[in-house]
Amino acid sequence: MLGEKIYVLRRSKNISQEEFANVLNTSRQAISKWERNESKPDIDKLIKIAKFFNVSIDYLLAYEINYLDIDAFANELKECYRNNKFIININDIRFWCSKYPNNFKLHLCAAEYLYVSFFDNNNDEYLNLALSCINKAITLFTPEYNQIVSLNDLHSGVAEIYLIQQKYEFAKKYVEKNSVNGCEVLLAKCDLSLKKYDDALKRASEIYLKASSDIINTSFVQIRVLLKTKKIQEAYDLVNWTILFVNSIKNNDDFFKGILCPFLYLKATCEKLLNINYYETIKKLKDINNNTINLNISSESKSIKHYFGKPDILLLSDSNIKNTLKEIINQTETGDIYYETLINIYNEIFGGDIDE
(Lines give C-alpha, C1' and ligand atoms only; values in the text may rest on other atoms or scores of the structure.)
Protein backbone atom coordinates (compact mmCIF):
# COMPACT_ATOMS: atom_id res chain seq x y z
CA MET A 1 0.00 0.00 0.00
CA LEU A 2 0.99 3.69 -0.34
CA GLY A 3 1.91 3.99 3.34
CA GLU A 4 4.25 1.00 3.17
CA LYS A 5 5.96 2.44 0.10
CA ILE A 6 6.52 5.78 1.80
CA TYR A 7 7.94 3.94 4.84
CA VAL A 8 10.35 1.86 2.73
CA LEU A 9 11.50 4.87 0.71
CA ARG A 10 12.07 6.95 3.85
CA ARG A 11 14.08 4.15 5.47
CA SER A 12 16.12 3.76 2.27
CA LYS A 13 17.19 7.41 2.69
CA ASN A 14 17.96 6.73 6.36
CA ILE A 15 15.99 9.75 7.58
CA SER A 16 13.61 10.06 10.53
CA GLN A 17 9.91 10.95 10.33
CA GLU A 18 10.78 14.33 11.80
CA GLU A 19 13.40 15.04 9.13
CA PHE A 20 11.05 13.87 6.37
CA ALA A 21 8.28 16.09 7.76
CA ASN A 22 10.62 19.11 7.54
CA VAL A 23 11.35 18.33 3.87
CA LEU A 24 7.62 18.28 3.09
CA ASN A 25 6.73 21.18 5.42
CA THR A 26 4.30 19.06 7.39
CA SER A 27 4.15 17.41 10.83
CA ARG A 28 5.76 14.19 12.06
CA GLN A 29 2.27 13.00 13.04
CA ALA A 30 1.11 13.37 9.41
CA ILE A 31 4.03 11.25 8.22
CA SER A 32 3.25 8.63 10.84
CA LYS A 33 -0.43 8.46 9.75
CA TRP A 34 0.55 8.12 6.08
CA GLU A 35 2.91 5.22 6.85
CA ARG A 36 0.22 3.47 8.92
CA ASN A 37 -2.30 4.02 6.08
CA GLU A 38 -4.56 5.97 8.42
CA SER A 39 -4.58 8.90 5.98
CA LYS A 40 -3.11 9.78 2.58
CA PRO A 41 -1.06 12.79 1.43
CA ASP A 42 -2.76 15.25 -0.90
CA ILE A 43 -1.65 15.60 -4.53
CA ASP A 44 0.81 18.45 -3.78
CA LYS A 45 2.54 16.35 -1.14
CA LEU A 46 2.56 13.30 -3.46
CA ILE A 47 4.42 15.34 -6.08
CA LYS A 48 7.00 16.43 -3.49
CA ILE A 49 7.39 12.86 -2.23
CA ALA A 50 7.90 11.55 -5.78
CA LYS A 51 10.51 14.24 -6.53
CA PHE A 52 12.34 13.70 -3.24
CA PHE A 53 12.69 9.94 -3.76
CA ASN A 54 13.11 10.20 -7.54
CA VAL A 55 10.14 7.92 -8.27
CA SER A 56 6.98 8.39 -10.28
CA ILE A 57 3.56 9.11 -8.81
CA ASP A 58 2.36 6.04 -10.69
CA TYR A 59 4.86 3.99 -8.69
CA LEU A 60 3.58 5.42 -5.41
CA LEU A 61 -0.07 4.79 -6.23
CA ALA A 62 0.20 1.45 -8.10
CA TYR A 63 0.67 -0.86 -5.14
CA GLU A 64 -0.07 -4.42 -6.16
CA ILE A 65 1.58 -4.27 -9.62
CA ASN A 66 -0.59 -7.24 -10.58
CA TYR A 67 1.36 -9.83 -8.57
CA LEU A 68 -0.72 -12.25 -6.57
CA ASP A 69 2.00 -13.02 -4.03
CA ILE A 70 5.72 -12.78 -3.38
CA ASP A 71 6.49 -16.02 -5.25
CA ALA A 72 4.86 -14.59 -8.36
CA PHE A 73 7.07 -11.51 -8.11
CA ALA A 74 10.22 -13.61 -7.61
CA ASN A 75 9.31 -15.78 -10.60
CA GLU A 76 8.75 -12.67 -12.70
CA LEU A 77 12.22 -11.42 -11.77
CA LYS A 78 13.71 -14.75 -12.79
CA GLU A 79 11.83 -14.80 -16.09
CA CYS A 80 12.91 -11.25 -16.90
CA TYR A 81 16.64 -11.70 -16.33
CA ARG A 82 16.67 -14.99 -18.21
CA ASN A 83 15.10 -13.26 -21.21
CA ASN A 84 17.05 -9.99 -20.83
CA LYS A 85 13.84 -8.03 -20.24
CA PHE A 86 14.60 -5.33 -17.68
CA ILE A 87 11.15 -3.91 -17.12
CA ILE A 88 10.77 -4.13 -13.34
CA ASN A 89 11.27 -0.91 -11.40
CA ILE A 90 14.14 -1.00 -8.93
CA ASN A 91 11.92 0.62 -6.30
CA ASP A 92 9.45 -2.26 -6.61
CA ILE A 93 12.32 -4.65 -5.88
CA ARG A 94 13.45 -2.56 -2.92
CA PHE A 95 9.87 -2.45 -1.63
CA TRP A 96 9.26 -6.20 -1.83
CA CYS A 97 12.66 -7.08 -0.35
CA SER A 98 12.00 -4.74 2.57
CA LYS A 99 8.52 -6.15 3.09
CA TYR A 100 9.76 -9.78 3.00
CA PRO A 101 13.26 -9.63 4.52
CA ASN A 102 13.38 -13.38 5.26
CA ASN A 103 12.38 -14.71 1.84
CA PHE A 104 15.46 -16.45 0.38
CA LYS A 105 14.05 -17.00 -3.11
CA LEU A 106 13.05 -13.35 -3.45
CA HIS A 107 16.49 -12.03 -2.49
CA LEU A 108 18.26 -14.54 -4.74
CA CYS A 109 16.11 -13.69 -7.78
CA ALA A 110 16.39 -9.97 -7.03
CA ALA A 111 20.20 -10.19 -6.85
CA GLU A 112 20.38 -12.05 -10.16
CA TYR A 113 17.99 -9.64 -11.89
CA LEU A 114 19.78 -6.54 -10.60
CA TYR A 115 23.23 -7.92 -11.46
CA VAL A 116 22.29 -8.70 -15.06
CA SER A 117 20.29 -5.50 -15.53
CA PHE A 118 23.29 -3.44 -14.35
CA PHE A 119 25.05 -4.28 -17.62
CA ASP A 120 22.01 -3.00 -19.52
CA ASN A 121 21.74 0.39 -17.79
CA ASN A 122 25.14 0.81 -16.09
CA ASN A 123 23.43 2.21 -12.99
CA ASP A 124 25.50 1.71 -9.81
CA GLU A 125 22.28 1.71 -7.77
CA TYR A 126 21.40 -1.66 -9.31
CA LEU A 127 24.76 -3.14 -8.39
CA ASN A 128 24.63 -1.84 -4.83
CA LEU A 129 21.16 -3.29 -4.29
CA ALA A 130 22.25 -6.57 -5.91
CA LEU A 131 25.09 -6.78 -3.38
CA SER A 132 22.67 -6.12 -0.53
CA CYS A 133 20.27 -8.81 -1.79
CA ILE A 134 22.92 -11.46 -2.30
CA ASN A 135 24.40 -10.81 1.14
CA LYS A 136 20.92 -11.20 2.59
CA ALA A 137 20.50 -14.48 0.68
CA ILE A 138 23.77 -15.70 2.21
CA THR A 139 22.53 -14.98 5.74
CA LEU A 140 19.27 -16.82 4.96
CA PHE A 141 20.99 -19.81 3.33
CA THR A 142 20.35 -23.30 4.70
CA PRO A 143 21.33 -26.71 3.24
CA GLU A 144 17.84 -27.19 1.80
CA TYR A 145 18.59 -24.44 -0.74
CA ASN A 146 21.50 -26.42 -2.25
CA GLN A 147 19.10 -27.68 -4.91
CA ILE A 148 18.65 -24.08 -6.06
CA VAL A 149 22.14 -22.65 -5.63
CA SER A 150 25.26 -23.46 -3.63
CA LEU A 151 26.62 -21.25 -0.89
CA ASN A 152 29.91 -21.19 -2.79
CA ASP A 153 28.13 -19.73 -5.84
CA LEU A 154 26.59 -17.01 -3.67
CA HIS A 155 29.99 -16.07 -2.25
CA SER A 156 31.41 -16.10 -5.77
CA GLY A 157 28.66 -13.68 -6.80
CA VAL A 158 29.66 -11.24 -4.06
CA ALA A 159 33.28 -11.38 -5.21
CA GLU A 160 32.22 -10.76 -8.81
CA ILE A 161 30.30 -7.65 -7.78
CA TYR A 162 33.32 -6.34 -5.87
CA LEU A 163 35.39 -6.91 -8.99
CA ILE A 164 32.97 -4.91 -11.16
CA GLN A 165 33.01 -2.15 -8.55
CA GLN A 166 36.80 -2.15 -8.90
CA LYS A 167 37.20 -3.11 -5.25
CA TYR A 168 39.96 -5.56 -6.10
CA GLU A 169 41.44 -5.93 -2.62
CA PHE A 170 37.91 -6.43 -1.22
CA ALA A 171 37.31 -9.18 -3.77
CA LYS A 172 40.57 -10.99 -2.96
CA LYS A 173 40.08 -10.81 0.79
CA TYR A 174 36.46 -11.95 0.48
CA VAL A 175 37.45 -15.01 -1.60
CA GLU A 176 40.20 -15.94 0.85
CA LYS A 177 38.07 -15.33 3.96
CA ASN A 178 35.17 -17.45 2.71
CA SER A 179 37.34 -20.13 1.03
CA VAL A 180 35.48 -19.62 -2.26
CA ASN A 181 36.23 -22.34 -4.79
CA GLY A 182 36.48 -21.78 -8.54
CA CYS A 183 37.52 -18.13 -8.33
CA GLU A 184 40.98 -18.51 -9.86
CA VAL A 185 40.07 -16.43 -12.92
CA LEU A 186 38.55 -13.71 -10.75
CA LEU A 187 41.69 -13.59 -8.57
CA ALA A 188 43.88 -13.40 -11.66
CA LYS A 189 41.80 -10.42 -12.85
CA CYS A 190 42.24 -8.77 -9.45
CA ASP A 191 46.01 -9.25 -9.52
CA LEU A 192 46.11 -7.85 -13.04
CA SER A 193 44.02 -4.81 -12.05
CA LEU A 194 46.25 -4.23 -9.00
CA LYS A 195 49.29 -4.37 -11.34
CA LYS A 196 50.61 -7.49 -9.59
CA TYR A 197 51.63 -8.89 -12.95
CA ASP A 198 53.81 -11.76 -11.68
CA ASP A 199 51.02 -13.00 -9.42
CA ALA A 200 48.50 -12.68 -12.27
CA LEU A 201 50.79 -14.68 -14.57
CA LYS A 202 51.29 -17.38 -11.95
CA ARG A 203 47.54 -17.71 -11.39
CA ALA A 204 46.86 -17.76 -15.12
CA SER A 205 49.45 -20.52 -15.59
CA GLU A 206 47.84 -22.61 -12.85
CA ILE A 207 44.39 -22.12 -14.39
CA TYR A 208 45.75 -23.25 -17.76
CA LEU A 209 47.44 -26.31 -16.32
CA LYS A 210 44.38 -27.33 -14.32
CA ALA A 211 42.08 -26.94 -17.34
CA SER A 212 44.57 -28.86 -19.50
CA SER A 213 44.78 -31.70 -17.01
CA ASP A 214 40.98 -32.02 -16.96
CA ILE A 215 40.87 -32.18 -20.76
CA ILE A 216 43.67 -34.75 -21.00
CA ASN A 217 42.27 -37.00 -18.26
CA THR A 218 38.79 -36.86 -19.78
CA SER A 219 40.22 -37.71 -23.20
CA PHE A 220 42.07 -40.74 -21.80
CA VAL A 221 38.92 -42.14 -20.23
CA GLN A 222 36.89 -41.48 -23.40
CA ILE A 223 39.43 -43.26 -25.61
CA ARG A 224 39.20 -46.36 -23.42
CA VAL A 225 35.39 -46.25 -23.64
CA LEU A 226 35.50 -45.94 -27.45
CA LEU A 227 37.89 -48.91 -27.71
CA LYS A 228 35.70 -50.97 -25.41
CA THR A 229 32.65 -50.21 -27.58
CA LYS A 230 34.60 -51.09 -30.78
CA LYS A 231 34.60 -47.52 -32.11
CA ILE A 232 38.22 -47.82 -33.14
CA GLN A 233 38.32 -45.01 -35.70
CA GLU A 234 36.76 -42.55 -33.25
CA ALA A 235 39.27 -43.61 -30.59
CA TYR A 236 42.11 -43.14 -33.08
CA ASP A 237 40.92 -39.65 -34.00
CA LEU A 238 40.68 -38.64 -30.33
CA VAL A 239 44.14 -40.07 -29.59
CA ASN A 240 45.67 -38.00 -32.39
CA TRP A 241 43.86 -34.87 -31.23
CA THR A 242 45.09 -35.37 -27.64
CA ILE A 243 48.68 -35.86 -28.75
CA LEU A 244 48.48 -32.59 -30.70
CA PHE A 245 46.96 -30.90 -27.66
CA VAL A 246 49.70 -32.11 -25.30
CA ASN A 247 52.38 -31.01 -27.77
CA SER A 248 50.75 -27.57 -27.97
CA ILE A 249 51.13 -27.16 -24.20
CA LYS A 250 54.86 -27.76 -24.03
CA ASN A 251 56.71 -29.77 -26.60
CA ASN A 252 60.15 -30.39 -25.15
CA ASP A 253 59.87 -31.11 -21.43
CA ASP A 254 60.38 -34.69 -20.34
CA PHE A 255 57.34 -34.41 -18.11
CA PHE A 256 55.06 -33.95 -21.10
CA LYS A 257 56.73 -36.84 -22.88
CA GLY A 258 55.66 -38.90 -19.89
CA ILE A 259 52.08 -37.71 -20.37
CA LEU A 260 52.24 -38.73 -24.03
CA CYS A 261 53.27 -42.33 -23.31
CA PRO A 262 49.81 -43.78 -22.56
CA PHE A 263 48.35 -41.99 -25.59
CA LEU A 264 51.12 -43.18 -27.91
CA TYR A 265 50.54 -46.70 -26.61
CA LEU A 266 46.81 -46.46 -27.34
CA LYS A 267 47.60 -44.87 -30.72
CA ALA A 268 49.72 -47.87 -31.66
CA THR A 269 46.86 -50.13 -30.54
CA CYS A 270 44.36 -48.27 -32.75
CA GLU A 271 46.77 -48.30 -35.70
CA LYS A 272 47.27 -52.04 -35.44
CA LEU A 273 43.51 -52.67 -35.16
CA LEU A 274 42.91 -50.41 -38.18
CA ASN A 275 45.76 -52.05 -40.16
CA ILE A 276 47.79 -48.84 -40.20
CA ASN A 277 51.59 -48.93 -40.04
CA TYR A 278 52.39 -48.32 -36.38
CA TYR A 279 56.20 -48.49 -36.64
CA GLU A 280 56.71 -44.74 -36.06
CA THR A 281 54.54 -44.79 -32.95
CA ILE A 282 56.43 -47.80 -31.53
CA LYS A 283 59.72 -46.05 -32.28
CA LYS A 284 58.65 -42.93 -30.34
CA LEU A 285 57.70 -45.05 -27.35
CA LYS A 286 61.06 -46.85 -27.45
CA ASP A 287 62.91 -43.53 -27.66
CA ILE A 288 61.02 -42.15 -24.66
CA ASN A 289 61.68 -45.36 -22.72
CA ASN A 290 65.43 -45.05 -23.37
CA ASN A 291 65.51 -41.54 -21.88
CA THR A 292 65.10 -40.54 -18.26
CA ILE A 293 61.67 -39.02 -17.67
CA ASN A 294 61.54 -36.29 -15.03
CA LEU A 295 58.07 -36.06 -13.52
CA ASN A 296 59.01 -33.56 -10.84
CA ILE A 297 59.16 -30.36 -12.86
CA SER A 298 57.48 -27.69 -10.74
CA SER A 299 56.55 -24.04 -10.74
CA GLU A 300 57.05 -21.77 -7.74
CA SER A 301 53.59 -22.57 -6.41
CA LYS A 302 52.39 -26.06 -7.31
CA SER A 303 54.03 -28.89 -9.17
CA ILE A 304 52.70 -29.80 -12.60
CA LYS A 305 52.14 -33.31 -11.28
CA HIS A 306 49.62 -31.84 -8.82
CA TYR A 307 47.34 -31.24 -11.79
CA PHE A 308 48.11 -34.26 -13.95
CA GLY A 309 48.73 -36.99 -11.42
CA LYS A 310 45.14 -37.77 -10.45
CA PRO A 311 45.05 -41.11 -8.56
CA ASP A 312 41.69 -42.20 -9.98
CA ILE A 313 42.78 -41.90 -13.61
CA LEU A 314 45.91 -43.54 -14.96
CA LEU A 315 48.26 -41.12 -16.65
CA LEU A 316 51.30 -40.88 -14.43
CA SER A 317 50.93 -43.61 -11.85
CA ASP A 318 54.64 -44.37 -12.21
CA SER A 319 57.65 -42.57 -13.66
CA ASN A 320 58.66 -45.91 -15.18
CA ILE A 321 57.03 -46.23 -18.62
CA LYS A 322 57.09 -50.02 -18.47
CA ASN A 323 55.02 -50.02 -15.28
CA THR A 324 52.66 -47.40 -16.71
CA LEU A 325 51.91 -49.50 -19.77
CA LYS A 326 51.52 -52.62 -17.65
CA GLU A 327 48.91 -50.75 -15.63
CA ILE A 328 46.96 -49.93 -18.81
CA ILE A 329 46.87 -53.64 -19.66
CA ASN A 330 45.87 -54.58 -16.10
CA GLN A 331 42.95 -52.17 -16.31
CA THR A 332 41.76 -53.77 -19.53
CA GLU A 333 39.35 -56.68 -19.38
CA THR A 334 40.61 -59.83 -21.11
CA GLY A 335 37.42 -60.00 -23.18
CA ASP A 336 38.02 -56.59 -24.81
CA ILE A 337 38.91 -56.77 -28.49
CA TYR A 338 42.11 -54.80 -28.02
CA TYR A 339 43.46 -56.70 -24.99
CA GLU A 340 45.71 -59.04 -26.99
CA THR A 341 46.83 -56.14 -29.18
CA LEU A 342 47.97 -54.19 -26.10
CA ILE A 343 50.01 -57.18 -24.91
CA ASN A 344 51.60 -57.70 -28.34
CA ILE A 345 52.62 -54.04 -28.59
CA TYR A 346 54.00 -54.11 -25.05
CA ASN A 347 56.15 -57.11 -25.99
CA GLU A 348 57.37 -55.35 -29.14
CA ILE A 349 58.47 -52.30 -27.15
CA PHE A 350 60.21 -54.12 -24.33
CA GLY A 351 61.20 -57.32 -26.17
CA GLY A 352 59.84 -59.77 -23.65
CA ASP A 353 56.77 -61.31 -22.03
CA ILE A 354 54.63 -59.01 -19.90
CA ASP A 355 54.81 -61.48 -16.98
CA GLU A 356 58.59 -61.37 -16.89
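Phe52 counts as partly exposed in this predicted model, because its relative accessibility is 28%, which falls between the 20% limit for buried residues and the 50% limit for exposed ones. The residue takes part in an aromatic pair with Phe53 and also lies beneath the charged end of a lysine, Lys13. The briefing below covers the aromatic pairs, the charges placed over rings, and two asparagines with positive phi.

**Aromatic pairs**

- The structure holds 17 aromatic pairs.
- One of these joins Phe52 and Phe53, whose ring centres are 5.0 Å apart; the planes meet at 75°, so the pair is edge-to-face.
- Phe53 has a relative accessible area of 8% and is therefore buried, whereas its partner Phe52 is partly exposed at 28%.
- Phe104 and Tyr145 form a stacked pair, with 4.0 Å from centre to centre and 10° between the planes.
- Because Phe104 belongs to helix α8 (residues 104–121) and Tyr145 to the loop between α9 (124–140) and α10 (151–164), this pair ties together parts that are 41 residues apart in sequence.
- Phe104 is buried, because its relative accessible area is 2%.
- A pair of aromatic rings is described by two quantities, the distance of the centres and the angle of the planes.

**Aromatic cluster**

- Four residues, Phe73, Phe95, Trp96 and Tyr100, form one aromatic cluster.

**Charges over rings**

- The ring of Phe52 has the charged end of Lys13 over it, 5.1 Å from the ring centre.
- Phe52 thus appears both in this contact and in the edge-to-face pair with Phe53.
- A second such arrangement involves Lys167, whose charged end sits over the ring of Phe170 at 5.9 Å from its centre.

**Asparagines with positive phi**

- Most residues other than glycine have a negative phi.
- Asn25 has a positive phi, near 60°, although it is not a glycine.
- Asn25 is located in the loop between α2 (17–24) and α3 (28–35), and it counts as exposed because its relative accessibility is 66%.
- Asn84 likewise has a positive phi in a residue other than glycine, here near 55°.
- The position of Asn84 is the loop between α6 (70–82) and α7 (90–99).
- With a relative accessible area of 53%, Asn84 is exposed, since the cut-off for that class is over 50%.

Technical notes:
Residues are numbered from 1 along each chain as its sequence is written. This is a predicted model: local features need pLDDT of at least 70, side-chain atom pairs count only at pLDDT 80 or more; totals for chains, interfaces and linings use all residues. Side-chain values use heavy atoms; hydrogens and water are left out. Rings of Phe, Tyr and Trp (its six-membered ring) pair if their centres lie within 6.5 Å; planes under 30 degrees apart count as stacked, over 60 as edge-to-face and the rest as tilted. Buried means under 20% relative accessible area, exposed over 50%, partly exposed in between (1.4 Å probe, protein chains only). Helices (H or I, at least four residues) and strands (E, at least two) are DSSP runs, numbered from the N terminus. A charge sits over a ring if NZ of Lys or CZ of Arg is within 6 Å of the ring centre and within 35 degrees of the ring normal.
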